[in-house]
Structure formats: C-alpha cells, structure tokens
Amino acid sequence: MLDLAAFGGALQLLSSDAMAWLVVVPGLLIGLVFGAIPGLSISIAMAVFLPATLYMDFLPAILFLSAIFTGGSFGGAVPAILMNIPGTSSAVATAFDGYPMAQKGRHGEALGVGLAASVIGTFFGYLMLLLVVGPVADWVLMLGPTEMLVVAIGGLLLIAVLNDSSFAKGLAAGAIGVLISTVGYSDTGLMRGTFGSMYLLDGIPAIPALIGLFAASELMNLAGRDYIVADSASRRIALAPILAGLKTAVVRWPAVLRGSVLGTLIGIVPGVGASVANLVSYAFAKRLAGPQQRFGEGEADGVIASEAANSSSEGGGMVTLLALGLPGGAGTAIILGAFAMHDVTGGPRFIADQTDIVYAIILGNMVQAALLLVVGVVFVFFAGFIVKAPIRYLIPFVVAIAMMGSYAITGSIVGPLTVAGAGALGWLMRRYGYPVTATVVGLLVGPMAEGELVRSWQISGGDPSFILGRPITLVLIALLAGAIVATAVSQKRAKAKLKEA
C-alpha cells in the first residue's frame, strides 16, 4: 500500500528542486546517443558520467543516471531497426521484425512503434515498482540457484523452438553460443578453451561478439546493394509515419501490456535484466501469434514485445536495488555506486526511513518516460536519414564505429578481432540456415546458467533429487515443458495444414 504522507513528501521534493528536472533531458539524450552507437552501451554512458553526479544532490544525481538508463533502453532499437545492428544486447529481438519493416520502407512506423512501446513499458515498470516495491523484495529472496538455472535453460530452449529453422539447428546454434561463453576461467577457477592465449583468459567479450554476429554478417549481405531500402519512394523521411507508429502501439495495447508485465517480472530477478527480457517476451508473443501474423517478416507486435519488455525491466531492476540494496545488472550497479558516493545505502531500512525519497525517485522516472516520448520523436526523425545513405558509404562508417566501440569495451585488440571472427561465424550460419539468434541467446545466458548450475550442484551435494524439495523449481520446469510441447504441437499442425493446402 502507498504511504500517502511519504507520497506527498515526494511531490514536494520534486517540485522544490529545479536541478532534478534540468538534468533529465541531457540524460535522455546521452542515453539515446550511446545506445544508438553499436559497441557502446548504457553502462558505459552511465560510468562515463558517474563522476559528474558527485557535485549534485542525491535526488538529481539518481534521476540523471536513470535518465541515461531510460534513454539508452530505447536508443539501442534505432540501429536494430534501421541496420539490423542492435545498439545494445537488450535490443536483439527488436531487430527480428524492426529491420524487415525498414527494408519494406516502414522504418518510420517501426521507430514510432518501438518508441511508444518503450515509453509505455518504462512507465508501467515504474508504476509497478511504486505499488509493489516492498512485497516483491520478499518474493525475490525465494528464488534460488535451481530456479535461476531453469529460467536460463528455458530462455535458450524457447528460442531454439521458436525459430524459422529446424529445432535441431536451433539447439545446435544455441549450444555454439553456450560453448563460446565458456571460454576463459570458469566459476570454479578452471581455464578452458584459451588455446594458450592470455587474451582469452577473461573469455570472449559478449558485446563485440554480438556486434559481429549481427552487424558484420549483415553488412556482408548488404554489400551488393545500393541502399538499405531498395525502393527510392520508400526512403522518404517524414514525421507522419513515426506518429502513425505511435498510434499503432497504442491500438495494440494488449501486446504492449503483455510485454510490459513480462519485462517487469523478469527485471525483478537479479542478474537477468533486459538482455533476457526482450528475448523471452518476443518468444512469448510469437507463441501467441495469430495465423495472419508473420513474425520475422515485419510484424509490429514483434517490435512491441521486445521494446516494451526491455524498457519495463528497468523498473523491475530497480526493485532489487531499492528493496535489497543489490544491483540487478550493470546499469543498476552504477546507480548503486552513486548511492555509495552520497553515503546512501539501499535496502529495507532505506525504504522504511526515506520513503519520500524512494517515491520521488520512482515518480521522477515516470515523468522521464513521458519526456522520452517528446525527445525520442525528434531523435528518431533525424536518425531515419540513415536509409538515405548509400550502402558504399554506410558500410565503412558502421564498421569503423563498431571496431572503435569494441576496442573501447575491451581496451585491447581482442574486441575488434572478436567482431571479425563472430562476423565470419554469423555469415556462415546465415548461409547454412542456422539461426544466429539462438547463438546470441546462448552467449548471453551461458554464464548465468553455468554459475547457477555450479551453485545448485554445491548446495545439493550432487544429488539430483534435491529439486524435489524445491516446489518453485518444479513449477517452472512444468511450465517450460508445457510451453515447449504446446509449441511443438502447434508447429506440427501448421506444417500439416501447409502440406494439405
């Protein structure tokens, strides 16, 4: 239940501190720019500007960093839609249908749909945070390593099932991603797959690998074309399609609501976050799709599912930060650093003693979501001019940006080499019909799955029957099995109908 006295105090704090609002728009723009540049990320932007918050009061400092977080959550969708290059790992699923929409000249609509879904998702996530920040903290503590392991495996299996290739190819592609993620030192201190190279001791960097699998391989496919959008009439830049996309997302509110709910729930779980939320939401939306919907060919609901989930997971991630004092991901870890810089400790005591400040942070972020709508429309309008750029100029520019971004992440030549190697792997996979998506999912969830497997093995003493005493684990396994069986049956029926036709 809301503490009305603290709620009033929060409104007073926000209305009396002009600096709390002056930092929001610059924060949103920083997040949009960093999210839209392949190779950079939200966490990099937040880390770069973290020292600036030392000279701010606590509330403006947190709102500034969270504004970067909010802007970056959508910024990654811009290159994902226009060039099939997710600006961040949380925009991977956005590219599945956003890029096909752009290729058909519907880039303005796709950007509008993504922006509206992101705005609504962000607002919904923080609204839920406002209502459930206290009770959910207790629920999160009930999730142990076995439950997290099932979640990780479930995400990989669902993507393997819900792809346009065979299940075997999807599973093999996912296994490749998991194997890549195991290079370097394990959680138990074992060194694997380094081939004696000191550069691989820390493993294959995930973001450069993601850029290579998506960006470099796609640029190879674009090399023989003149423009991203083939039809010259469809390359026009106008505000009307963007506004039409906003309307489309509002009209399809059930899809937005479904993605927002999933994103919020997944964001609450520490260590999962937007990278998994967008993929799970997309897979769920594809599973529920009607016969007339063609996911992967330019379906607006695919963009909605991804963007609503990755944005609403931001509010979910703040639950663990505020209620438990634990970061849910890299972005919230940096916000936690800002807490420490201002001698503030998150957790149950912080919520109990400083409820008005907690409410002020949440309400401020809800207002940020509304401001993102205005700032985002202007940003995507100018970003849309990418479709007018000839491919022969675009490819070297994008490659240079990707290489510099990957070098900035790793601080060594490992980043650019990873982009090149992953690009070659992605091109081969596309050529022989293996879904690159499943490899990316394996790469992202592999470390989490391995860590949770080790912890499950340690606490169970190696006894598999341990899960019989974990009712939540059993429920999750049953739900996962049911989803896979139902999907397999529906796909078999669809293939049978096609043969009859």
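Begin by selecting Arg455, which is partly exposed at a relative accessible area of 39%; here buried means under 20% relative accessible area, exposed means over 50%, and partly exposed lies in between, with a 1.4 Å probe and protein chains only. The model on the screen is predicted, so local features need pLDDT of at least 70 and side-chain atom pairs count only at pLDDT 80 or more, while totals for chains, interfaces and linings use all residues. Residues are numbered from 1 along each chain as its sequence is written, and side-chain values use heavy atoms, with hydrogens and water left out.

**Along helix H21**

Keep Arg455 selected and add Glu452, since the two form a salt bridge whose closest N and O atoms are 3.4 Å apart; a salt bridge is a side-chain nitrogen of Lys or Arg within 4 Å of a carboxyl oxygen of Asp or Glu. Both residues lie in helix H21, 3 residues apart, which is about one turn of the helix, and Glu452 counts as buried at 12% relative accessibility. Helices (H or I, at least four residues) and strands (E, at least two) are DSSP runs, numbered from the N terminus.

Now extend the selection to residues 436-460, the 25 residues of H21, which at 1.5 Å a residue should span 36 Å, in agreement with the 35 Å between the end C-alpha atoms; the expected span is 1.5 Å times one less than the number of residues. Pause at Val445, where H21 bends by about 45°, and look for the proline Pro447, which follows within four residues. The bend at a residue is the angle between axes fitted to the seven residues ending there and the seven starting there. The helix is mostly covered, with 18 of its 25 residues buried, and just after H21 you can select Gly461, which takes a positive phi of about 70°.

**A network around Arg252**

Side chains of opposite charge can pair when their charged atoms come close. Select Arg252, Glu299 and Asp301 together, because these residues are linked in a network of salt bridges. The side chains of Glu299 and Arg252 meet at 2.9 Å, N to O. This pair links distant parts of the chain, 47 residues apart, with Glu299 in the loop between helix H14 (274-287) and helix H15 (300-324) and Arg252 in the loop between helix H12 (239-251) and helix H13 (253-268).

Next, follow Arg252 to Asp301, where the closest N and O atoms of their salt bridge are 3.1 Å apart. Arg252 lies in the loop between H12 and H13 and Asp301 in helix H15, so this pair ties together parts that are 49 residues apart in sequence. Arg252 is partly exposed, with a relative accessible area of 32%, whereas Glu299 is buried at 11% and Asp301 is buried at 11% as well.

**Inside helix H14**

Move on to Ser281, which has its place in helix H14 and counts as buried at 2% relative accessibility. Leaving aside residues up to four places away in sequence, Ser281 touches Gly259, Leu262, Ala305, Ser306 and Ala309, where contact means heavy atoms within 4.5 Å.

**The whole protein**

Finally, show the entire protein, whose secondary structure comes to 22 helices and 2 strands and whose salt bridges number 5. Of its 501 residues, 54% count as buried, and residues 24 or more positions apart account for 80% of the contacts with a separation of 6 or more.
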